Amino acid sequence: MIHRRIPLTLEAIVEGGLCIGCGLCRAVAGADGAGADKVDFVLTPEGRERPVARQPLDAATMVRINVICPGTRVAGAAGAGPGVGEAIPHAMHDLVWGPAERLAIGYAGNPTVRHRASTGGVLTALGQFLLTSGRVKFILHVAASATAPMRTERRLSFDAASVLEGAGSRYGPAAPLLDFTALLDRGQPFALIAKPCDITAVRNLARIDPRVDRYLRYALTFVCGGASDLTKSEDVANDLSVRLDAVSSFSYRGNGCPGPTRLETKDGRAFELTYQQMWEDEATWRIQPRCKICPDAMGESADMVASDVWPGGGPSGEDAGFNGIIVRNARGLELYEAAVAAGAIVVEPREVGFRDFDGFQPHQVNRKRAVWARMAGMRAAGQAVPEISDLRLAECARLNTLGENLHEARGARRRAREGRLSEPPAVSR
Ligand SMILES: Cc1cc2nc3c(=O)[nH]c(=O)nc-3n(C[C@H](O)[C@H](O)[C@H](O)COP(=O)(O)OP(=O)(O)OC[C@H]3O[C@@H](n4cnc5c(N)ncnc54)[C@H](O)[C@@H]3O)c2cc1C
Ligand code: SF4
Ligand code: SF4
């Protein structure tokens with residue numbers, strides 16, 4: 001990997017459309033002499049959570065931020081640093097999907113978890129199992145904010161009930177890593193359940209902070225289509241003529257698979273949209289710019305990945321909840337086998353392979369094949385792109401025709417020139 005000679009400023013990362021709002025730069029920048037965070041985190045008018053430097057950041061801090069930021073650097077498993085299990089040959093490897101020790105379809109053994117969770121509850125069940133088996137002291141994940149229910153906050157769960165409270169997909173902005181270095185200061189083993197880009201961020205940090213591999217025992221993720229702007233969720237309330245300050249709870253899915261998007265108000269009203277009503281029109285997804293060039297939405301550097309398994313990529317109705325499971329490495333395999341043996345997760349007897357995952361996730365396959373050309377188009381428009389290693393993007397692009405790659409590259413160049421792959425300066429609403 002060739003490293004940038006001059007690190008990007010925080011403003012350049014954000015305005016260049018590379019930030020996904022994970023929060024790790026705030027943790028890494030730390031506090032000034034007076035104890036105030038050097039980097040503030042704001043909710044922008046566009047409905048994104050973004051870092052803002054409260055004071056000019058020194059060169060050493062900016063180098064560190066460029067090393068850890070998942071907007072500037074993304075590596076697959078082989079480049080993921082020590083402790084990820086890459087020394088052990090993988091049982092399976094796919095050009096598009098990356099390494100795997102095991103592929104399966106399963107769900108949480110506990111029916112309540114399975115019903116309450118986003119898909120089949122595998123991530124929640126694994127989080128609970130990690131705690132009850134004593135493997136970790138806490139789980140770092142996210143949950144709906146208690147004070148602003150449309151928003152999402154990082155959560156530390158020390159028991160199974162708290163892990164369950166965080167079940168369900170939060171499609172809007174979520175910053176699980178805002179105080180990640182303070183969590184390392186605790187000196188306790190823990191697990192992270194978060195988006196693939198969040199996992200990238202902590203794997204990046206592991207290269208410069210050995211405490212990550214010492215204390216972050218497991219990194220679990222999901223296949224990720226992209227994080228939407230908060231305005232997407234706020235429009236749901238607006239369309240229902242519900243004032244934002246009247247909302248008492250907001251869940252995107254869960255309580256069934258996929259379950260409804262449900263909004264409740266402080267005066268006792270409840271509204272539901274089906275998954276299709278919420279997401280059927282891709283033009284209204286309001287996916288953040290970084291997601292459109294996401295080189296690793298399949299979580300190659302996680303220990304285990306969970307997904308939906310709807311044929312064609314979308315639900316045709318409600319079902320009991322089944323997760324696709326990709327066990328990435330030896331650490332994930334040991335956890336997977338222990339969780340199955342304990343009944344925390346249940347695995348279907350049917351065999352699944354990478355081509356089944358293609359069928360469950362056609363949008364992911366298309367994006368992985370398109371990203372190399374999209375980045376070439378962005379570069380041609382003078383826009384910075386992440387430094388990428390061990391994700392086989394050029395090889396994936398070779399699966400396309402020359403015409404398809406040119407189409408992607410020209411489209412990205414045009415969108416970059418029109419400013420559609422960048423963002424305004426981050427300001428607080
Ligand atoms: C933004 C987003 C995009 C997604 N796109 C796809 C897709 O394209 N294809 C696909 O198959 N699946 C996608 N999913 C994943 C899917 O919705 C399920 O989360 C996944 O199948 C795991 O299901 P589960 O029942 O095991 O999860 P659960 O048991 O409900 O656990 C979900 C866990 O994820 C954490 N979490 C939820 N939202 C966030 C967030 N925004 N940031 C960090 N952590 C979070 C929760 O804290 C919880 O611990 C997406 C999820 C999200 C949040
Ligand atoms: S992606 Fe994360 S580390 Fe990078 S600038 Fe955004 S919040 Fe900071
Ligand atoms: S698509 Fe990629 S960048 Fe966007 S939220 Fe998902 S993992 Fe992060």
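This is a short tour of two ligand sites, one helix residue and one pocket in a predicted model.

Before you click, note that residues are numbered from 1 along each chain as its sequence is written, and that chains are lettered from A and ligands numbered from 1 in the order in which they are written. In this predicted model, local features need pLDDT of at least 70 and side-chain atom pairs count only at pLDDT 80 or more, while totals for chains, interfaces and linings use all residues; side-chain values use heavy atoms, with hydrogens and water left out.

**Stop 1: ligand 1**

Select ligand 1 and the 34 residues around it (a heavy atom within 4 Å). Those that come nearest are Thr124, Ser169, Arg170, Gly225 and Gln361.

Now show polar contacts (pairs of N or O atoms within 3.5 Å). Oxygen atoms of ligand 1 lie 2.7 Å from a backbone N or O atom of valine 142, 2.8 Å from one of threonine 119 and 3.1 Å from a polar backbone atom of valine 122. On its own, ligand 1 has 910 Å² of accessible area (Shrake-Rupley method, 1.4 Å probe), and the protein covers 98% of that.

Colour by element next (DSSP runs: helices are H or I of at least four residues, strands E of at least two, numbered from the N terminus). Helix 5 (122-132), strand 7 (138-144), strand 14 (304-307) and helix 15 (362-380) each give two or more residues to this shell, and helix 5 gives the most, with three.

By class, you will find 13 nonpolar, 16 polar and five charged residues here (nonpolar: Ala, Val, Leu, Ile, Met, Phe, Trp, Tyr, Cys and Pro; charged: Asp, Glu, Lys and Arg; polar: the others, Gly among them).

**Stop 2: ligand 2**

Move on to ligand 2, whose surrounding residues include Cys19, Cys22, Cys25 and Cys69, along with Phe41 and Pro51. This shell has ten nonpolar, two polar and no charged residues.

**Stop 3: alanine 182**

Pick alanine 182 in helix 7 (residues 180-185). Its relative accessible area is 38%, so alanine 182 counts as partly exposed (between 20%, under which is buried, and 50%, over which is exposed; 1.4 Å probe, protein chains only). Draw a C-alpha to C-alpha distance to alanine 201: 15 Å in space, across 19 residues in sequence.

**Stop 4: the second largest pocket**

Finally, select Arg116, Ala144, Arg170, Phe250 and Ser251, which lie nearest the centre of the second largest pocket among its 24 lining residues. (A pocket is an open set of points on a 1 Å grid over the protein atoms alone, where a 1.4 Å probe fits, with protein on both sides within 12 Å along at least five of seven lines; lining residues have an atom within 4 Å of a point.) About 380 Å³ of space lies inside, a volume filled by probe spheres set on the points, which are joined across faces, edges and corners. Strand 11 (247-251) gives the most to the lining, with four residues. The lining has seven nonpolar, nine polar and eight charged residues.

Conventions. A polar contact is a pair of N or O atoms within 3.5 Å; within protein, one must be able to donate a hydrogen and the other to accept it, and residues adjacent in sequence count only if both atoms are side-chain atoms.
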